[in-house]
Amino acid sequence: MASEVRNNMRLKPYRDTLALPGIKSLLSVATLARIPIAAGAVVLTLHVVTDLGRGYGAAGLIGAAFTIGGSVGAPLMGRLIDRRGLRVVLVLTTVAEVLFWSLAQAVPYWALLVMALVGGFLSLPAFSVARQSISALTPEAQRLPAFALDSISTELSFMAGPALGVLVATTAGPRWAMLMLAAGILLSGLGLWLLNPPVRAAHEAPITAGERVPRRSWLGPRFVAVLLVTMAATLVLSGTDVALVAVLRDNGELGWSGLVMSLWAFYSLLGGFAYGTMQRAFPPVVILAPLAVTTMLVSLGEAHWWLIALLLIPAGALCAPLITSTADAISRMIPAAARGEAMGLHNSALTVGVALGGPLAGFAADTLSPRWGFATVGGVGVLIALLVLPTELRRRSAAPLAAAPTTGSSSAAEPAIAGATLAVTTAGGTCADRPNAPRQATAYDHSDTSGHGDALPTGRP
């Protein structure tokens, strides 16, 4: 009986979150929409190597072009959502990406290289849109489990997408796989367009109000610090992916790579699920540091696949929580009128990390030994954590000052407004930079990136 009660208590955050209007449909559509996107990289690689007869280096160059385009395009598409609304962007990106996948399978290599740059720039923003909508649909007290569910659904998409892409490419051929991706993107864009999830909460100013927020009011040191942690997270993860293949191949155990990677993803799912049940979030840098250190320790298991699988447990269990914490932190510090651009920058940081991690681990594996791939990307993660730590310490030291009530104050709102002023000032601006500053103050009351809300009267309990 006691264990049943405990299980119910653990699941209560998810039940409450899924009971919110629009959350179930958003997560369902977003999960399906991400599957063809997740399959894109492996299908492009197989097309370049198999159909075009090029090497893996040439395939990597195509992937890099797509990544660069996506990194530049994501914040711009997010800004367009902030200014014009979601459906305009969905139509633009869906049409552009369907054209890319339909035509890319029929053009020569150098034309494909240019097309990949444009295709990445106008790629369907399914990831950032889902996170932006979660911020609009959930109150802050339920945002952590909502982002945890989003991370779990992303893991599921990346487990299904590449596997389906490889299956179609190896049976019907990469060109047919690319046409299948075009159809999948069309259905994804149509599904999101029909759902039309809100990007602003009911109490926030609608897009039609034309509200503008200066970047200097939110694009400050704390936001940049979260972006650095986000980039470091995927750098470590993509580098681990490459290092796993290198070590297992060097051991003659490459056949076990699928199982090891599946277990790694499973650890992440469990970690993300557990993290979403917590009452309070951790600052992203607090999760990055142990993730990076435990990734370095995986190098100790190079002799056996099963030992690597065991050593991946702590690092894997921290993957989804780290991505969840970065999205949660950004949602708390960004005003609604800039949320699309901010989530676009978050998506760019994720993409840049993926692009850097693989080559970094591969270079270490080639020049030193395969196990140095783990040590290298983990070491870079530790360095970035140390670089970001002073910003987090300054934030925590400033929090009590923001919470301190004015002597003789009779209004409970005054500490919140004081905290809002401090948050905006430390980000490089003042409340005077924004119209209707007092009304906006509550958007900054919860800018605590840890999710603790320890300085705020209306923070997370």
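Biologist: In this predicted model, where does Asn196 lie?

Modeller: The model is a predicted one, and in it the phi angle of Asn196 is near 45 degrees, a positive value in a residue other than glycine. As for its place along the chain, helix H8 covers 174–195, and Asn196 lies in the loop between H8 and H9.

Biologist: Is Asn196 buried, partly exposed or exposed?

Modeller: Buried means under 20% relative accessible area and exposed means over 50%, with partly exposed in between. Because the relative accessible area of Asn196 is 33%, this residue counts as partly exposed.

Biologist: Are helices H9 and H12 roughly parallel or roughly antiparallel?

Modeller: The axes of H9, residues 221–250, and H12, residues 305–317, come within 11 Å of each other and cross at roughly 160 degrees. Angles over 145 degrees count as roughly antiparallel, so H9 and H12 are roughly antiparallel.

Biologist: How many nonpolar residues does the contact of H9 with H12 have?

Modeller: On the H9 side the contact is made by Thr240, Leu244, Val247 and Leu248, while H12 brings Trp305, Ile308 and Leu312. Sorted by class, this contact has no charged residues and one polar residue, and its nonpolar residues number six.

Biologist: Which helix gives the largest share of the largest nonpolar core?

Modeller: The largest nonpolar core has 61 residues, and those with the most contacts inside it are Phe223, Ile308, Leu312, Ile330 and Ile334. The largest share of this core is 14 residues, and these come from H9.

Technical notes: Residues are numbered from 1 along each chain as its sequence is written. This is a predicted model: local features need pLDDT of at least 70, side-chain atom pairs count only at pLDDT 80 or more; totals for chains, interfaces and linings use all residues. Side-chain values use heavy atoms; hydrogens and water are left out. Axes are lines fitted to C-alpha atoms, for helices over the stretch in contact, and angles run from 0 to 180 degrees between N-to-C directions. Helices (H or I, at least four residues) and strands (E, at least two) are DSSP runs, numbered from the N terminus. Angles under 35 degrees count as roughly parallel, over 145 as roughly antiparallel, 65 to 115 as roughly perpendicular and the rest as oblique. Contact means heavy atoms within 4.5 Å. Ala, Val, Leu, Ile, Met, Phe, Trp, Tyr, Cys and Pro count as nonpolar, Asp, Glu, Lys and Arg as charged, and the others, Gly among them, as polar. A nonpolar core is a set of buried Ala, Val, Leu, Ile, Met, Phe, Trp, Tyr and Cys residues joined through side-chain atoms within 4.5 Å. Buried means under 20% relative accessible area, exposed over 50%, partly exposed in between (1.4 Å probe, protein chains only).
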